[in-house]
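This text walks through one helix and two pockets of a protein model. Please look at the structure first, then read on.

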Amino acid sequence: MSGIKGSMDEVEKLQDGERASTSHNQSDLAYRIDERPPWMMTIMMAVQHFSATFSGSLVLPFLLSSSICFDKDPALLTRLIATTFFITGLSTILQIMFGSRLPIIQGPGAGFIIPAIAALSVRGECPAELTANSTQQERDMLKEEAYSRMNEVCINLTSFRVAKLFKFIKRGFK
């Protein structure tokens, strides 16, 4: 019995030590959940968050643009970047309203970039870059090729997601 009592005393000491270390860790926090940082610090953290989000959303269209021939025409590249930011904002709003209700930026994912570039490299080179002397036919040909490549990426990603969904359903939502 004395062995059990000794063990119980050791457990109580450990628990008291954990409580003490937990209260010590709580005092190391800069702000508790019900506190707010000063306005200047809030603004600086918002600028930092915006910079990280902006650059992350801007890099991926540039990485993919050369493979889908959007880098040859500034208007197409501008449209790709604008679409990326619009969809990022829309998906973030939907996430806040209907998802986990946390203000998490739902930006473009980088997981598909390498497979998309590899798949599009099979199609060969893009048409020649547009110049000031380019004809309307050359512009239309570039736009048609660019949208064709973009559709190929969208179809491949959609079919991949549908296949993953069927696999998920087949496993019984586990």
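**Helix α2 and the pockets**

In α2, the residues that count as buried are Ser-57, Leu-60, Pro-61, Leu-64 and Ser-65. The model is a predicted one. Among what covers these buried residues of α2 are α3 and α4, the latter spanning 113-121. An α-helix makes a turn every 3.6 residues, so residues three or four places apart point the same way. As a whole, α2 contains 27 residues, and the distance from its first C-alpha to its last is 39 Å, close to the expected 39 Å at 1.5 Å a residue.

Next come the open spaces. Rolling a probe the size of a water molecule over the atoms shows where empty space is left. The volume of the largest pocket is about 540 Å³. It is lined by 22 residues, of which Leu-80, Thr-84, Pro-108, Phe-112 and Met-150 are the closest to its centre. Two or more lining residues come from each of α2 (39-65), α3 (74-98) and α5 (136-170). Which element gives the largest share of this lining? That is α3, with seven residues. Sorted by class, the lining of the largest pocket holds 14 nonpolar residues, seven polar and one charged.

The second largest pocket encloses about 210 Å³ of space. Its lining is made up of Gly-109, Ala-110, Gly-111 and Phe-112, together with Asn-156, Leu-157, Thr-158, Phe-160 and Arg-161. Four of these residues are nonpolar, four are polar and one is charged. Phe-112 thus appears in both descriptions: it is among the residues closest to the centre of the largest pocket, and it also lines the second largest pocket.

Definitions and conventions. Residues are numbered from 1 along each chain as its sequence is written. This is a predicted model: local features need pLDDT of at least 70, side-chain atom pairs count only at pLDDT 80 or more; totals for chains, interfaces and linings use all residues. Side-chain values use heavy atoms; hydrogens and water are left out. On a 1 Å grid over the protein atoms alone, a cavity is a set of points where a 1.4 Å probe fits but cannot get out, and a pocket is an open set with protein on both sides within 12 Å along at least five of seven lines; lining residues have an atom within 4 Å of a point. Grid points are joined across faces, edges and corners, and a volume is the space filled by probe spheres set on the points. Helices (H or I, at least four residues) and strands (E, at least two) are DSSP runs, numbered from the N terminus. Ala, Val, Leu, Ile, Met, Phe, Trp, Tyr, Cys and Pro count as nonpolar, Asp, Glu, Lys and Arg as charged, and the others, Gly among them, as polar. The expected span of a helix is 1.5 Å times one less than its number of residues. Buried means under 20% relative accessible area, exposed over 50%, partly exposed in between (1.4 Å probe, protein chains only). Contact means heavy atoms within 4.5 Å.
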